[in-house]
Amino acid sequence: MKFAYDIIRRPVITEQSMAGLENNKYVFEVARDANKIEIRKAVEEIFGVKVKKVNTIKLPGKWKRMGVHVGKTPAVKKAVVTLAEDSKKIEIFENMA
């Protein structure tokens, strides 16, 4: 059984994600094996809001070099969560915008 805090890793704070706040869209980094239903339930449980839609994006790792050493950054999965119109706002994003 997965816990909500294992699914939602952290919020993504970028210019583009902050522009989505006007449309009730919030961006989170989530566990790579989480599906849309699990993400919806986790956001509703943690923040006490009503989720309308969840879109997910898989971002592959990038190859990086430090001198002669070559490595790859970890792959991540992001979720764009759209809240219902009658739902309350998520507090952690309020002070960022």
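**Exercise 1. Describe the lining of the largest pocket by residue class, and then locate its residues in the chain of this predicted model.**

Solution. Sorted by class, the lining of the largest pocket comprises four nonpolar, four polar and two charged residues. The next step is to put names to these classes: the residues that line the pocket are Val12, Thr14, Gln16, Ser17, Gly20, Lys25, Val27, Ile57, Lys78 and Val80. Lys25 and Lys78 are in this list, and lysine counts as charged. Turning to the secondary structure, at least two lining residues come from each of helix H2 (15-19), strand S2 (25-30) and strand S6 (76-83). The space in the largest pocket amounts to about 170 Å³.

**Exercise 2. Set out the elements of the chain from the N terminus on, and derive the order of the strands in the open sheet.**

Solution. The chain contains four helices and six strands, and from the N terminus on these elements follow the pattern α-β-α-β-α-β-β-β-β-α. Four of the strands make up an open sheet, whose order is S1-S2-S6-S3 and whose pairing is antiparallel. At the edges of this sheet stand strand S1 (8-11) and strand S3 (51-59), each of which pairs on one side only. From one strand to the next, the twist averages 30°. Within the sheet, S2 and S6 run antiparallel and are joined by six bridges; on this pair of strands, Val30 stands opposite Lys77 in S6. Helix H3 (residues 36-47) packs on the sheet, where it touches S1, S2, S3 and S6, and the direction of H3 makes about 120° with that of S3.

**Exercise 3. Characterise the pairing of S4 with S5 and the turn that links them.**

Solution. Strand S4 (residues 63-66) and strand S5 (residues 69-72) run antiparallel, with four bridges between them. One of the residue pairs can be named, since Met66 has His69 in S5 as its bridge partner. The two strands form a hairpin with two residues between them, and in the turn Gly67 has a positive phi of about 70°.

**Exercise 4. Decide whether Thr82 and Pro74 are buried or exposed, and describe the surroundings of each.**

Solution. Begin with Thr82, whose place is in strand S6. The relative accessible area of Thr82 is 9%, and because the cut-off for a buried residue is under 20%, Thr82 counts as buried. Leaving aside residues up to four places away in sequence, Thr82 touches Asn23, Asn24, Lys25, Val51, Lys52 and Lys53. One of these contacts, Lys25, also belongs to the lining of the largest pocket.

Pro74, by contrast, is found in the loop between S5 and S6. The relative accessibility of Pro74 is 67%, and since exposed means over 50%, Pro74 counts as exposed. Pro74 and Leu59 are 15 residues apart along the chain, and their C-alpha atoms are separated by 9.2 Å.

**Exercise 5. Summarise the dimensions of the chain, its burial and the sequence separation of its contacts.**

Solution. Along its principal axes, the C-alpha trace of the chain spans about 55 × 35 × 20 Å. The chain has 97 residues, of which 35% count as buried, and Thr82 is one of the buried residues. For the last step, take the contacts between residues at least 6 apart in sequence: 61% of them join residues at least 24 apart.

Key: Residues numbered from 1 in each chain as written. Predicted model: local features only at pLDDT ≥ 70, side-chain atom pairs only at ≥ 80, totals over all residues. Heavy atoms only, no water. 1 Å grid on protein atoms, 1.4 Å probe; cavity = no way out; pocket = protein on both sides within 12 Å on 5 of 7 lines; lining within 4 Å. Points joined across faces, edges and corners; volume = space filled by probe spheres on them. Pairing = 2+ DSSP bridges. Axes fitted to C-alpha atoms, helices over the stretch in contact; angles between N-to-C directions. Contact = heavy atoms within 4.5 Å. Buried < 20%, exposed > 50% of the residue type's maximum accessible area, 1.4 Å probe, protein only.
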